[in-house]
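Student: Could you take me through one part of this model up close? I'd like a connected walk, starting from a single strand and going outward.

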Amino acid sequence: MNIAVIGTGHVGLVSCVALARMGHEVVGFDVDQEKVSLLQRGVTPFHEPDLDSALHGELDGGRLRFTASASDALARASVVFICVGTPMGEDGEADLHAMEQAASQIARDANDGVIVVEKSTVPAGTAERVRTAISLEAPNLDFDVASNPEFLREGHALHDALFPDRIVVGVSSEVAASILRRVYEPITSNGALLIETDVRTAELAKHASNAFLAMKISYANALARLSERLGADVRDVIEVLGADPRIGPAFLGAGLGYGGYCLPKDVLGLERLSARVGYDFGLLREVDRVNREAMEATVEKIEDALWNLQGKRICILGLAFKAGTDDARLSPAVELARRLRDLGASVVAYDPMASANAQHEVPELDIAPDPYVAAIGAHCVVIATEWAEFRHLDLKALREAVATPILVDARNVLREDQGWAAGFAYYSMGRRPLQRHPGASDLFVLPEPAPLDAVADAAG
Ligand code: UGA
């Protein structure tokens, strides 16, 4: 099939490559001429495992090309996927300007019979807006609008696009349904699950999935706060929860909270949408509040450990919003760096992939080429992204580099005994405070857990 993809960001570019891999003729369109030139040369503008080689493969195979001309992209397309960005607006609602622009391009240049498929995450009801916008500009165009939300995770994007847990297709006509079945036939024939529903339900299902994942993380973070107060260990609590198949262990990692381009925006976007249609989804406000609290708790932990932040040098390990990506947009690690700088500390950071993007977010950030250089002269080291390589840090070398041995593991990537064994005062998230380390000064002793009689009193 001839497919056009509007927008070549994370979702758009991965969709281009995956759809070409499925055997379709794909044209990727972007208004950013510079990005298009890179893609035409086979250069991916962001890091994503296996995407480079897959992009080259599809360009060489002739099934995929890129253009900065909408009319060129839409000339032969029978299906158009809209994959433009829908960033969070100032009021928490999604900013849908790029969707409107895409609708306008389609109205001008698409052919009769085209199926317009919204893949970007959007508030329920957006497809109807797109339909109206196209009809107003091109009253004679014969077209249909469908929703086919994407569930890929950054860092696993191509794999997720080719081997999805589920493909969700929201349609209002049998024609659109059969065309989308044909689009995905190469992977549904290998067993991928395709769920068909109406357009609004598909739109809502995507928002609901991301908000649910965020809710799990906030639940874990709330338990972390409680565990710290009770002297319990949140990792063990989570292990117990996660062993119940009705709950599952994924997305229960306590730490600095969720970030990135999707979860924060989708929690607030769904809450705003609910309010607009008269339902108070207070649960989502709590999810967001607990997420902010996770950041506050980390800042407080660092402040507690360091006493005064003014004039202190803090080494932050990790800047990406999560491991496996160079994306630093709405990264909790970057936000932490910003907060610590605002409180008077100087920050030097290391990330295996996201340094350049993080520096774009905070231009004043000092970046080091490796963790040990970053730690030189630091009064505190903070692990802020759950990169696997931080599990294997040479803690002895790190200890030798720092000025004072304080290690805040804001992502719980280390085992509790590791930091202490290397001579650090080791702080983690939601774990019972350790007994005083013989080598550490009193300044490093964490507050005692709530006395047992207080716990008994609370229990009534
Ligand atoms: C998320 C969803 O997981 C995808 O299914 C969805 O398709 C995508 O958004 C999207 O809407 O495009 P992504 O933003 O790539 O994917 O990142 P996640 O893997 O969901 O992680 C989000 C944040 O949660 C990260 O900051 C991560 O560090 C944090 N996290 C994750 C935790 O704090 N604890 C956990 O246990 C898991």
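Student: On the two faces of E6, which residues are buried?

Tutor: Happy to look at that with you, and please keep in mind that this is a predicted model. On one side of E6 you will find Phe143, Val145 and Ser147, on the other Asp144 and Ala146, and all of them are buried. In other words, strand E6 (residues 143-147) is mostly covered, with five of its five residues buried.

Now look at the partner strand. E5 pairs with E6 in the parallel sense, and five bridges join the two. To find your place in that pairing, start at Val114, whose bridge partner in E6 is Phe143.

If you follow the chain from strand E5 (114-118) towards helix H6 (126-137), the loop between them holds Lys119. Is this lysine buried or exposed? Lys119 has a relative accessible area of 4%, and the cut-off for buried is under 20%, so Lys119 counts as buried. Its side chain also has a polar partner: the side chains of Lys119 and Glu150 make a polar contact at 3.0 Å.

From there, let's turn to the ligand. A backbone N or O atom of Phe151 lies 3.0 Å from a ligand oxygen atom, and for a backbone N or O atom of Leu152 the distance to an oxygen atom of the ligand is 2.6 Å. Phe321 also brings a backbone N or O atom to 2.7 Å from an oxygen atom of the ligand. The ligand taken alone exposes 720 Å², and the protein buries 91% of that.

Who else is around it? The ligand has 21 residues around it, and those that come nearest are Leu152, Lys206, Asn210, Gly253 and Phe321. By class, this shell has ten nonpolar, seven charged and four polar residues. Helix H9 (residues 199-230) gives the largest share, four residues. Domain 1 (2-196) and domain 2 (198-460) each supply at least three residues to the shell.

To finish, here is another parallel sheet to compare by eye. It is open and has six strands, in the order E11-E10-E9-E12-E13-E14, with parallel pairing. Strand E11 (366-367) and strand E14 (425-428) stand at the edges with a single partner strand each, so one side of each has no neighbour in the sheet. Within this sheet, strand E9 (residues 313-317) and strand E10 (residues 346-350) run parallel and are joined by five bridges. A handy place to begin tracing them is Arg313, whose bridge partner in E10 is Ser346.

Key: Residues numbered from 1 in each chain as written. Predicted model: local features only at pLDDT ≥ 70, side-chain atom pairs only at ≥ 80, totals over all residues. Heavy atoms only, no water. Near = heavy atom within 4 Å. Polar contact = N/O pair within 3.5 Å; in protein donor to acceptor, adjacent residues only side chain to side chain. Areas by Shrake-Rupley, 256 points an atom, 1.4 Å probe, with all protein chains shown as cover. Nonpolar A, V, L, I, M, F, W, Y, C, P; charged D, E, K, R; others polar. Domains from an automatic or database assignment. Pairing = 2+ DSSP bridges. Buried < 20%, exposed > 50% of the residue type's maximum accessible area, 1.4 Å probe, protein only.
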